Every structure is written in C-alpha cells, then in structure tokens.
Amino acid sequence: MRHGQSRLPSLDRVELRRLDIDLPAVVEAKVQLVRAGAGKWHVPVPEGKSWGHCQHAARLAGRAPDQVVVLEALAELCSGCVGAVELPEGAGVLWQALEEILRADARATELAGASGPRTWPSYAKALERAARHDDAAVRALLKPVLDHAELGAQGWRALRAWTAVVERSDEALAAYRAAAPSATATASVTAACDAVAADRKVHAESSALGAVIGAGYGYGYGRPSLELWAMVRAAWTRAREQGRDAGGALDYASAVVTQEWGRARVRDVTALPLPAMTCAAGHASPAAWAEAEFHHQWHSFVQRWCARLEAELAGASQGSDKQQLLLVCGWPLTGPHDRDLAFLAQYEQIGPRVPWGGAEQRYNPYGKSLTADAVVLAVPEFAAERALAHTAGQRDRLIAGEQLAEDGRTPQEPAPAVLSAARALLRTAFPLLAEDVAEDGRRPRPSEQVGEARALLRGRRGSEPPVHWAPQRQEDSRWRWKQSFEMGQWIWVPDDTAGGPAGQELRELTEPYPPRGVMRLIVETGVRGDTAMHVLYGAVGGWDLRRRVLTFTARDTGHELSVPVHRIVGLTGDRERRSHDGPLWEEYTPPSPHQFRYW
C-alpha cells in the first residue's frame, strides 16, 4: 500500500461497476471548483490565504464556484490543484480503498492470465506484490467508515470486495506455484550450475572469448548483453526447469546464444584462443577466417559446458525432504542476483518480516534500491543445503535453523516451539520484535536491568541547561538543547514512573519537527526473562505522550517500530555516524567512567 500520496488517483468506472464497488459516496462526490470558459478546473482560493495555492486559481478569485462531480472532472483538473481537493467526510477514505482494490485486482488478473513460462523469479516478484501484504493496512483504513451512520453500508461493500480480491490473488499465486518447476528439479539444476561455476577454467574460456569482441557487454554495437558463460548458464537452467531433456536444453541454449553472439564481430584477432580449431584455407580474407574461427570457438564452448552441466546434474543427490527452519536475509528474492534463490519463495514464512542490516549486499546494477529484509522459512533440507551452498561466499545471507519435528506444524499454524525457534533466528537479523513486546502484558513496568541502565545514564549526562527568563534567551537555550540532543551530546532518559517530566521533555524535543539525522535508541530486546540491551539506529517518527510509545524507523528501511517506554533506556543523536553510515543495530555497551560526559 502506497503512503504519502498527495494526488487523487483516477478510478475506472467500468472496473468499479464490474467489481460492484461503484459507491455513490465516491462516484457522486461533489466539490466546489472554478474555471475560465472551457479551461482547467481549479480549487477556489480561500479568502485571506495569500500563499500555498495555484497561481491560476488566484486569478479566478472573483468567479462563483460550481458544484462538480470529482470523478468526472479529474481528467480536467489542474495538476497544481489536485492535491488541494477536499472530499466530503469519509469519501476520501473510500476513494483510497477503491484505488487499492482496483490495483490489487489488476495484479491478480495479470498473474492469472500470464501465458509465459512459469519461473520462480517471476513468482517471487508476484508474491511481493500480492494483495495479502496490504490486507491489514486496507482493513485499518476502512475501519472508521464501517460504523459511520451514512457510509457504513458502502464501507462494508468495499471491505467485501477487498476480501474477494485477496482471495483471488492467493488463488492466482497458488495456481502459478503449482505450474512452476518442482523444487527438487530447481535445486538440482542450481547445484549443477554452482559445481561447474566453481571451475576456474569455464570463466577463463568465457573471458578469453569476450576479449575477442572487445567485451563491453550490453553497450550496443553488436555486442552481446551477457558474457558467454552467464548466458549459457541462464539458458540451460531455464530449459531444464521447464522440463526439457539434455538434447532439448542444448538446442535451447545454442539458440539463445546464437541470437546475440551470432551477431558479434571479431575486433581483436590476436585474442582468439590458441590453437586454432579451423583451417585458414578456403576463406576470402583473414577477417573472414577470424569470423569463422570465432563462431566455431563459442559454439564449441556451448556444447562442451552444457555437457559438463548435464554430467553434474546426473550426479546430483536428491537430499532429504525433512523440514527445517532457514533464515533468509535480503528478502524479497527479486534482485538481479537472486535468480538461483528465488525458488525459496514458494515455502511458508514463519513469523514476521524484519529489517536487515546487509543492504550493501543487495547491490542493483540498474540503480533502483532493493528492499533488504529478513524472514524465516520452513523448507525441506535439500532446498536448504542447495541454497546454503549457493551463498557460501555471502556472509550471513542464509542461516540454517533447527529441524522441525513431524508434529511441529499443523495445517492451521506452526506449533509454539517452532514460533519460538523462528523468533530466535529473526533476532540474529534484528533484535527487537513486536511479538516480544506484545507478550509483556498490560501496563508493564521497566525491568530491573532497564532501571539500572537508566540510572547510569542519568548520572553521566548531567542536567538540562537552565532556561533564561527572557523570551529570546529562553528560545536560544531550547534550541541549543535540541541541537545537543541531535548531535549526541545530551541523551534523553525516560522516567521510571509515569508522572515524571521526561515525557514532556521528549515531546519538546520531537515537536513540531522530529530530530534530524541518525538517532541512537537504546532498548531492551528479547522476551522477559531472557533479555539483552541493544542500540538501534534510525529516525524518530514521533512520540505519543498519552500511550507513552515512541515511533522509530529503522535506518535505511521502511520498517516503522512502535517502542513502548518501558523498553527504552535512552535516546540521543549519533555522534559518530552523521552520514547515515554504520550498522542497523549493535550490542549496547554501558558508558565507562572515563568516557566523554554527556552535555
């Protein structure tokens, strides 16, 4: 679900009727707009407002506004005024909900009607865009409307339509998953490719042939988009996963390579591998012989290494089907280097999805940032073994968990022991879990460990600077206090009781604007009875003084955490990492007696 949207989205009335969600509150919603003749519609400028409005609307201040149906006028609405349209009460919520329903339905229809080969990378992308991920957000969006006196019935219609779309999305995913290659075949093919890729000879031969055409893959001028080995591996893998035999896989790989390498031209005759494999006689020129020799060389490469792949595939063992837990970091598996891991997306996720601090391993050559999260999956042992072998050179990308007993999972939900083991794995990726905090109960008190850590920080930080009686001097003192807080020179520590002044202090520090830069949040993590202290890095979103809950966004991620005050030890700016560098979290080390004093 998209956040921070400032423009009214366009809704297709035909699709609304098809889904039986052409709600009168949306399709008949009217607002006051003005325009000159047949020009664009504008939102009238309120009387007394001198800035923050469309410049063209200001010229129409003397015209009487018209009551216009928003949905009909949206195509002719000024782009500068579309964000200023104020819909009637409840209509804006329904409008946003209908947008989500139409988008999710279009994705489900597209997935169900896909006609190409079923591949696991495509499934991983479809899974990431599935409606199930927005289910909680859409239901929370519609919740205030369901009890509305006038719009309640329309809200329930939208909710029923959304539920049906989620079901269709899950059905389309299940059908796509059933038609995709089997996990055993995919894992065996991946193992065969990794075994051949471990041979340096294949890379040396591929690089030598690339030097003949001047390398520079993917830059036009008749050059191929990929190096030879990468293209052979991808084509052979695709053919084998789609059920082709050895001969069919070789023919498919040869055809794919011929489409690009067949058009490549020799640019460096001296780079041709020796000894030559064709006779120079019978060619019109040395250049013609070089082209024939190059064609023979790469065609021989395809045949030779496809045969090697088939030999490795024939010797691959099937492995065990017993279930075990596997921590997958770098989720979702939709990146350009995740193709051989994408088959893991078919397995059941156990527990929540948490942020991961290994974003530097999610490099995308196309420039678009990649999500870097972590999840725990219940996978067969053979799939875990293949995936772990494939990522042997990537630190902490996959971590194997414990094996699951036969009764460890039920058709409805995993057993409590499985959930506990999954959470233990997730804490290695990110230590603070919302499920651990939820188990603290109602009105929990800070633990003894938190109280001791707070007392130590209070003794080290000194007191808040005195406030001068003069208004200007008072404002300057407050500004220096906030600056010291953001720079990590003064640390905020909660009170041990609800009636202390710390809550109001944090409100002044975070309002009207939250602190800038990276902040350090010292929290208690884990379940009660087995807790630890960690430092989280990120941005402060806000402070709810009534509920005594801090909103905190993990650094470089979209994960928004709600941290209750009884778990917080202290909050301050990051004195050493002002440029958003550094870890996502780290273990907390109490300040030593000789450490620089706060404030």
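## Burial and overall make-up

Buried residues account for 45% of the 599 residues in the protein chain, and this value, like every other in this report, belongs to a predicted model. The protein chain is built from 19 helices and twelve strands. When contacts between residues at least 6 apart in sequence are considered, 75% of them join residues at least 24 apart.

## Helix α17 and the strands it packs against

Helix α17 covers residues 448–461, which makes 14 residues, and from its first C-alpha to its last it reaches 20 Å, close to the 20 Å expected at 1.5 Å a residue. The buried residues of this helix are Val450, Gly451, Ala453, Arg454, Leu457, Arg460 and Arg461, a list in which arginine appears beside residues such as valine and leucine.

These buried residues of α17 pack against three strands, namely β7 (519–527), β8 (530–544) and β11 (568–573). An α-helix has 3.6 residues a turn, so residues three or four places apart point the same way.

Ahead of this helix, in the loop between α16 (434–438) and α17, lies Arg443, which has a positive phi of about 50° although it is not a glycine. Because its relative accessible area is 78%, and exposed means over 50%, Arg443 counts as exposed.

## The pairing of α6 and α8

Helix α6 (residues 120–128) and helix α8 (residues 152–179) have axes that come within 10 Å and cross at roughly 165°. Since angles over 145 degrees count as roughly antiparallel, the two helices α6 and α8 are therefore roughly antiparallel to each other. In passing α8, helix α6 makes a left-handed crossing.

On the side of α6, the contact is made by Trp120, Ser122, Tyr123, Ala126 and Leu127, while α8 contributes Leu173, Tyr176 and Arg177. Sorted by class, the contact of α6 with α8 consists of six nonpolar residues, one polar residue and one charged residue.

## A buried arginine in α11

Arg233 is found in helix α11, which spans residues 228–241. Its relative accessibility is 14%, and because buried means under 20%, Arg233 counts as buried. Leaving aside residues up to four places away in sequence, Arg233 touches Cys193, Asp194, Ala197, Asp340 and His390.

## Backbone features in the loops

Two cis peptide bonds that precede prolines can be described here. One of them joins Leu274 and Pro275, with omega at about 0°, and Pro275 has its place in the loop between α12 (246–261) and α13 (286–314). The other runs from Glu511 to Pro512, with omega near 0°, and Pro512 is found in the loop between α19 (502–510) and β7, the latter being one of the strands against which the buried residues of α17 pack.

Asp20 has a phi near 60°, a positive value in a residue other than glycine. The place of Asp20 is in the loop between α1 (13–18) and α2 (24–27).

## An exposed glycine between β9 and β10

Gly558 is found in the loop between β9 (549–554) and β10 (560–564). With a relative accessible area of 75%, Gly558 is exposed. Although Gly558 and Asp373 are 185 residues apart in sequence, their C-alpha atoms are 9.7 Å apart in space.

Note on methods
Residues are numbered from 1 along each chain as its sequence is written. This is a predicted model: local features need pLDDT of at least 70, side-chain atom pairs count only at pLDDT 80 or more; totals for chains, interfaces and linings use all residues. Side-chain values use heavy atoms; hydrogens and water are left out. Helices (H or I, at least four residues) and strands (E, at least two) are DSSP runs, numbered from the N terminus. The expected span of a helix is 1.5 Å times one less than its number of residues. Buried means under 20% relative accessible area, exposed over 50%, partly exposed in between (1.4 Å probe, protein chains only). Contact means heavy atoms within 4.5 Å. Axes are lines fitted to C-alpha atoms, for helices over the stretch in contact, and angles run from 0 to 180 degrees between N-to-C directions. Angles under 35 degrees count as roughly parallel, over 145 as roughly antiparallel, 65 to 115 as roughly perpendicular and the rest as oblique. A crossing is left-handed if the near helix is turned anticlockwise from the far one by less than a right angle, and right-handed if clockwise. Ala, Val, Leu, Ile, Met, Phe, Trp, Tyr, Cys and Pro count as nonpolar, Asp, Glu, Lys and Arg as charged, and the others, Gly among them, as polar.
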